[in-house]
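Open the model in your viewer and keep the sequence panel beside it. This tour moves from the whole chain to single residues.

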Amino acid sequence: MQNPTTTKNAPNAGREDRYNSCKKGNIQFECYLFSSHSQNEASIDQQREQAQFYAEKHDLNMIKEYTDRAISGTTDERPGFQQMLAEVSKLKPAVLILWKTDRLGRDRYTLALAKKTIRDAGCSISYIAEAIPDDSPESVLMEGMLESMAEFYSKQLRQNVVRGMRYNAENALYNGHKMLGYKVDDTKHYIKDETTAPVVQYIFKQYADGKPLTEIADELNAQGVRTVHGRVFKVNSLRHILKNKAYMSIRIL
């Protein structure tokens, strides 16, 4: 059999040594590791460790690892995910190891298409933390339920986050975003920043008087005024301020 190769994007040599310990079986497999933006970096390392134990237990042979860190599972715009799907038909592994169904994605349609691509390449899918019977009528039902639960969790989390941000906005509470013209007090409320508030008032007044955004930006930049992030003003940064509902709903200026 052709000698397997280890992943080339490993951050340290120690990981390669651990993979070498898995090279004793005759069945080749790939591993996909994923952490969402709300998880810490340990999530990837924990998945990798469990994948190694699984490989040793089942006498499997690692040929490739794909990793996506701190990316939402609701999108398929994940480099490691896309690379895995592109290469699975070329490498032809016997097994793809995942921690759970939601590691592959949290959208049912993305999951369905991805699993079809993987299985059409002759590759089965093994879940470390979910006991799903393979190639049985029950497996179809269980996978469908787990996929739906993954999407439900994602949508529920998004709904809770939006509700919390709306509450903060309605009560002038800090929402995690810096705003020109405001600063945050000890109670996490937005309060007027006497230094930059006049800049915001100037932008709104000049725009209301009919001055083009390019001219307003040029005037502010010529005076050395910068955005809340310390950058020069551009048309888009001015448009963002003018369309920001916070300047219309917080009665401070």
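**Whole chain**

Start with the contacts in this predicted model. Take those between residues at least 6 apart in sequence: 63% of them join residues at least 24 apart. Now colour by secondary structure. The chain holds nine helices and six strands. Switch to a surface view. The accessible surface comes to about 15000 Å², and 52% of that belongs to carbon and sulfur atoms. Of the 253 residues in the chain, 40% are buried.

**Stop 1: a nonpolar patch**

Select Phe-152, Tyr-153 and Leu-157. These residues form a nonpolar patch on the surface. Together they have about 310 Å² of accessible area. Keep Leu-157 selected and show the cartoon. Leu-157 sits in helix α5, which covers residues 137-170. How exposed is Leu-157? Its relative accessible area is 35%, so Leu-157 counts as partly exposed; the class runs between the buried limit of 20% and the exposed limit of 50%.

**Stop 2: a buried threonine**

Go to helix α4, residues 108-120, and pick Thr-110. Is Thr-110 buried or exposed? Thr-110 is buried, because its relative accessibility is 14% and the cut-off for buried is under 20%. Next, show what surrounds the residue. Leaving out residues up to four places away in sequence, Thr-110 touches Asp-76, Arg-78 and Phe-81. Display these three as sticks along with Thr-110 to see the contacts.

**Stop 3: two positive phi angles**

Turn to the backbone. Most residues other than glycine have a negative phi. The next two selections have a positive one.

Select Asp-59 first. Its phi is near 60°, a positive value, and the residue is not glycine. Where does Asp-59 lie? Asp-59 is in the loop between α2 (42-57) and β2 (60-68). With 37% relative accessibility, Asp-59 counts as partly exposed.

Now jump to Lys-188. Here phi is about 65°, again positive in a residue that is not a glycine. Lys-188 belongs to the loop between β5 (182-184) and β6 (190-192). Show the surface over this loop. Lys-188 counts as exposed, because its relative accessibility is 52% and the exposed class begins over 50%.

**Last view**

Put both loop residues on screen together. Asp-59 is partly exposed, while Lys-188 is exposed. Then add Thr-110, which is buried in helix α4, and finish on the patch of Phe-152, Tyr-153 and Leu-157.

Key
Residues numbered from 1 in each chain as written. Predicted model: local features only at pLDDT ≥ 70, side-chain atom pairs only at ≥ 80, totals over all residues. Heavy atoms only, no water. Patch = residues over 30% accessible without salt bridge, like charges linked within 9 Å, V, L, I, M, F, W, Y side chains within 5 Å. Areas by Shrake-Rupley, 256 points an atom, 1.4 Å probe, with all protein chains shown as cover. Salt bridge = Lys/Arg side-chain N within 4 Å of Asp/Glu carboxyl O. Helix = DSSP H or I, 4+ residues; strand = E, 2+ residues; numbered from the N terminus. Buried < 20%, exposed > 50% of the residue type's maximum accessible area, 1.4 Å probe, protein only. Contact = heavy atoms within 4.5 Å.
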